[in-house]
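Biologist: I would like to go through this structure and ask what stands behind each label. Please set the values against the cut-offs as we go.

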Amino acid sequence: MGALRESWQNIVDLWSLIVGLKVTGKYFCYRHRTVHYPRKTVDNINTFRGPLELVPKSKDPTKPKCIVCMMCATNCPCGAITLVKKKAPKPTPEELKAEEEAKARGEKVKKKKAPKEPARFIQDFSLCSLCGICVENCPVGSIRFSNDVYFAVTRREDLALDLLARLRERAGEMEKTLSVEQEA
Amino acid sequence: MTRQAAAEQVAGDFYTRHFVEPGPREDTLILNMGPQHPSTHGVLRIVLELDGEYILRAEPVIGYLHRMHEKMAEVKTCLQYMPNMGRVDYLHPLAWNWAFVGAVERLGEIEVPERAEYIRVITVELNRITSHLVWWGAYILDLGAFTPIMYAFDDREYLLDLLQIPTGSRLTYSFFRPGGVSTDLTEDFLKGVLEFIPYFRSRLPMYKDLVTDNIILRKRIEEVGVIPLEVCRRYGATGPVLRGSGQPYDVRRAEPYSVYDRFDFEIPTDEKLDAMGRYRVRVAEMEQSMRIIEQAIEGLPEGPHIVKGAPKPKWKAPKGEAYFAVEGARGKIGVHLVSSGKANPYRLKLRSPTFSNMSLFAEIARGTLLPDAVAILGSLDLVIPEIDR
């Protein structure tokens with residue numbers, strides 16, 4: 001009786017393997033689930049957090065909305081953002097003369113203020129941890145995450161991204177496509 | 001201690017039979033089970049003393065992935081610390097997000113909108129399923145079967161695509177904020193989750209046919225690595241390890257946080273105490289997570305996803321301390337936050353469940369076969385970055 005039960009148990013055990021093989025066989029006949037990357041790409045990347053990008057002014061697509069309040073640079077946990085404000089423009093010789101004359105007369109001289117525009121906006125992507133604190137705390141909504149999934153470089157220095165240059169590049173590309181469309 | 005004495009103590013390693021406590025025998029084999037290279041991911045080194053193929057002693061050596069997460073909190077503000085919480089446990093980062101955010105909210109008495117609580121429940125439970133799927137695939141891979149991890153990753157990819165919609169990332173999420181969550185859920189996301197649940201329910205019988213009922217797996221892990229409840233209690237093990245030993249302890253039920261008291265779900269336990277028991281508990285937990293998600297989506301209220309006047313990056317926590325515990329995929333995650341009234345926390349203590357779960361390995365592995373030790377180690381579901389923090 002014991003031997004009979006044992007052999008029956010062996011058959012049951014073997015059956016469990018056949019059931020498993022059936023599953024693998026079934027899925028062997030299915031279409032593959034992966035995407036062959038260079039030939040095909042995925043489309044669900046709208047919210048993917050890639051490197052930062054600047055949001056252009058609605059009137060001038062080459063200039064960012066940024067007012068250089070430094071909220072992003074000072075609050076970044078990793079210190080990944082380097083932001084430098086533009087300096088005040090140098091006065092022309094005529095203006096200097098007028099200033100001196102005004103001083104001689106004893107009037108108060110108003111110096112030209114620096115424009116609220118960034119001179120350099122660099123994101124070191126090797127330091128960024130993509131938390132989104134800069135994006136959430138920007139008072140004018142000047143930065144957002146790009147959804148550049150395929151961003152890759154071969155040297156570490158290339159990870160320091162000049163966001164202003166990238167913005168101008170994008171603006172140039174936009175103009176090109178617009179002119180092409182107009183011609184068409 | 002003189003310099004020479006110190007050098008003698010560290011000189012030599014397992015090759016020179018340098019244990020903290022020397023054993024009674026000299027004819028044993030020392031085996032180093034662990035990393036090929038110290039900077040690979042997930043490195044846990046275990047020094048084994050073997051008699052033939054039987055383990056006389058196992059000494060886990062940890063610390064290769066120590067990244068000073070607790071110390072880093074002292075030089076950052078509460079909000080700036082959020083990216084760290086996504087990197088403590090890379091398989092269930094949202095639970096760590098929640099534990100830290102919960103401690104900050106408890107300390108600052110910040111109110112969380114109801115919608116945010118529901119969003120947290122939905123995303124954390126989805127993340128729990130992905131975590132268990134990785135464990136499921138990797139554990140079977142440890143035991144020598146390659147195919148199942150492909151099925152697990154297929155389903156996990158679907159979930160990662162979904163979680164990418166609100167969080168923006170696929171692995172190290174930094175999604176929660178004190179007072180809510182960073183982005184609201186979209187219709188796409190909810191639709192995707194509602195499609196996923198019946199799909200995944202239909203996949204579970206396939207998992208059962210392919211792996212759970214498979215006689216090779218059952219002979220391999222049944223009655224292996226029996227952890228008595230008393231051992232779990234002694235080492236402070238939690239999560240599926242404790243529930244696999246028959247104790248229905250779950251932070252979501254024992255000290256309900258957020259809105260978990262509104263959901264109807266079971267706490268799976270197993271009386272067999274072995275590796276197969278822990279396996280069954282985890283698979284059952286995936287089903288329970290789906291039940292919670294269904295109820296949460298049904299009851300998802302309208303409203304803001306983050307409270308008005310949520311802490312800014314330079315927000316100063318009031319003086320005092322707070323502790324908040326959540327149930328992660330591996331057990332009880334606790335965050336103890338002490339503030340001296342400044343923007344940076346004075347001290348932060350992270351209680352990681354895997355550290356306690358791993359500690360009992362040395363005792364359980366004694367006297368087992370070497371291949372069984374691998375099966376036991378896998379069944380504990382260790383995430384090494386979480387042990388070292």
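**Values and labels in chains A and B**

Modeller: In chain A, 80% of the contacts with a separation of 6 or more are between residues 24 or more positions apart. Please keep in mind that this is a predicted model.

Biologist: What makes up the secondary structure of chain A?

Modeller: Chain A has five helices and five strands. Along the sequence they follow the pattern α-β-α-β-α-β-α-β-β-α.

Biologist: How do you know whether the radius of gyration of chain A agrees with that of a compact globule?

Modeller: The globule rule is 2.2 Å times the number of residues to the power 0.38. For 184 residues a compact globule would have a radius near 16 Å, but chain A has 31 Å. The two values do not agree. The C-alpha atoms of chain A fill a box of roughly 125 × 50 × 30 Å along the principal axes.

Biologist: What share of chain A counts as buried, and how much surface does chain A expose?

Modeller: Buried residues are 27% of the 184 in chain A. The exposed surface of chain A is about 13,500 Å², with 57% of it supplied by carbon and sulfur atoms.

Biologist: Why is A:Asn75 called buried?

Modeller: Buried means under 20% relative accessible area. A:Asn75 has 3% relative accessibility, so A:Asn75 counts as buried. This residue is in helix H2 (residues 71–75) of chain A.

Biologist: Which residues does A:Asn75 touch, leaving out those up to four places away in sequence?

Modeller: A:Asn75 touches A:Ile133 in chain A, and B:Gln80, B:Pro313 and B:Lys314 in chain B. A:Asn75 is also 6.9 Å from A:Cys134, C-alpha to C-alpha, with their positions 59 residues apart in sequence.

Biologist: Now chain B. How do you know whether its radius of gyration fits a compact globule?

Modeller: By the globule rule, 389 residues would give a radius of gyration near 21 Å, and chain B has 22 Å, so the value agrees. The box filled by the C-alpha atoms of chain B is roughly 70 × 60 × 35 Å along the principal axes. Chain B holds 16 helices and eight strands.

Biologist: What share of chain B is buried, and what share of its contacts joins residues 24 or more positions apart?

Modeller: Of the 389 residues in chain B, 58% are buried. Among contacts with a separation of 6 or more in chain B, 70% are between residues 24 or more positions apart. The accessible surface of chain B is about 16,200 Å², and 54% belongs to carbon and sulfur atoms.

Biologist: What makes H5(B) and H15(B) roughly antiparallel?

Modeller: Angles over 145 degrees count as roughly antiparallel. The axes of helix H5 (residues 114–142) and helix H15 (residues 370–379) of chain B cross at roughly 175° and come within 9 Å. H5(B) and H15(B) are therefore roughly antiparallel to each other.

Biologist: Which residues meet where H5(B) and H15(B) are in contact?

Modeller: From H5(B), B:Trp135, B:Tyr139 and B:Asp142 meet B:Val374, B:Ala375, B:Gly378 and B:Ser379 of H15(B). By class, this contact has four nonpolar, two polar and one charged residues.

Biologist: Is B:Ala365 buried or exposed, and why?

Modeller: B:Ala365 has a relative accessible area of 0%, and the cut-off for buried is under 20%, so B:Ala365 is buried. B:Ala365 sits in helix H14 (residues 361–365) of chain B. Beyond residues up to four places away in sequence, B:Ala365 touches B:Ile55 and B:Ala58.

Biologist: Why is B:Glu230 called partly exposed?

Modeller: Partly exposed lies between the buried limit of 20% and the exposed limit of 50%. B:Glu230 has a relative accessible area of 47%, so B:Glu230 is partly exposed. B:Glu230 lies in helix H9 (residues 229–235) of chain B.

Biologist: What makes the phi of B:Met68 and of B:Ser258 worth a remark?

Modeller: Most residues other than glycine have a negative phi. B:Met68 is not a glycine, yet has a positive phi of about 60°. B:Ser258, also not a glycine, has a positive phi of about 55°. B:Met68 is in the loop between strand E3 (54–61) and helix H2 (69–73) of chain B, and B:Ser258 is in the loop between helix H11 (251–254) and helix H12 (275–298) of chain B.

Biologist: How do you know which exposure class B:Ser258 belongs to?

Modeller: B:Ser258 has 25% relative accessibility, so B:Ser258 counts as partly exposed. B:Met68, with a relative accessible area of 47%, is partly exposed as well.

Note on methods. Residues are numbered from 1 along each chain as its sequence is written. Chains are lettered from A and ligands numbered from 1 in the order in which they are written. This is a predicted model: local features need pLDDT of at least 70, side-chain atom pairs count only at pLDDT 80 or more; totals for chains, interfaces and linings use all residues. Side-chain values use heavy atoms; hydrogens and water are left out. Axes are lines fitted to C-alpha atoms, for helices over the stretch in contact, and angles run from 0 to 180 degrees between N-to-C directions. Helices (H or I, at least four residues) and strands (E, at least two) are DSSP runs, numbered from the N terminus. Angles under 35 degrees count as roughly parallel, over 145 as roughly antiparallel, 65 to 115 as roughly perpendicular and the rest as oblique. Contact means heavy atoms within 4.5 Å. Ala, Val, Leu, Ile, Met, Phe, Trp, Tyr, Cys and Pro count as nonpolar, Asp, Glu, Lys and Arg as charged, and the others, Gly among them, as polar. Buried means under 20% relative accessible area, exposed over 50%, partly exposed in between (1.4 Å probe, protein chains only). Accessible areas come from the Shrake-Rupley method with a 1.4 Å probe; for residues, only the protein chains shown count as cover.
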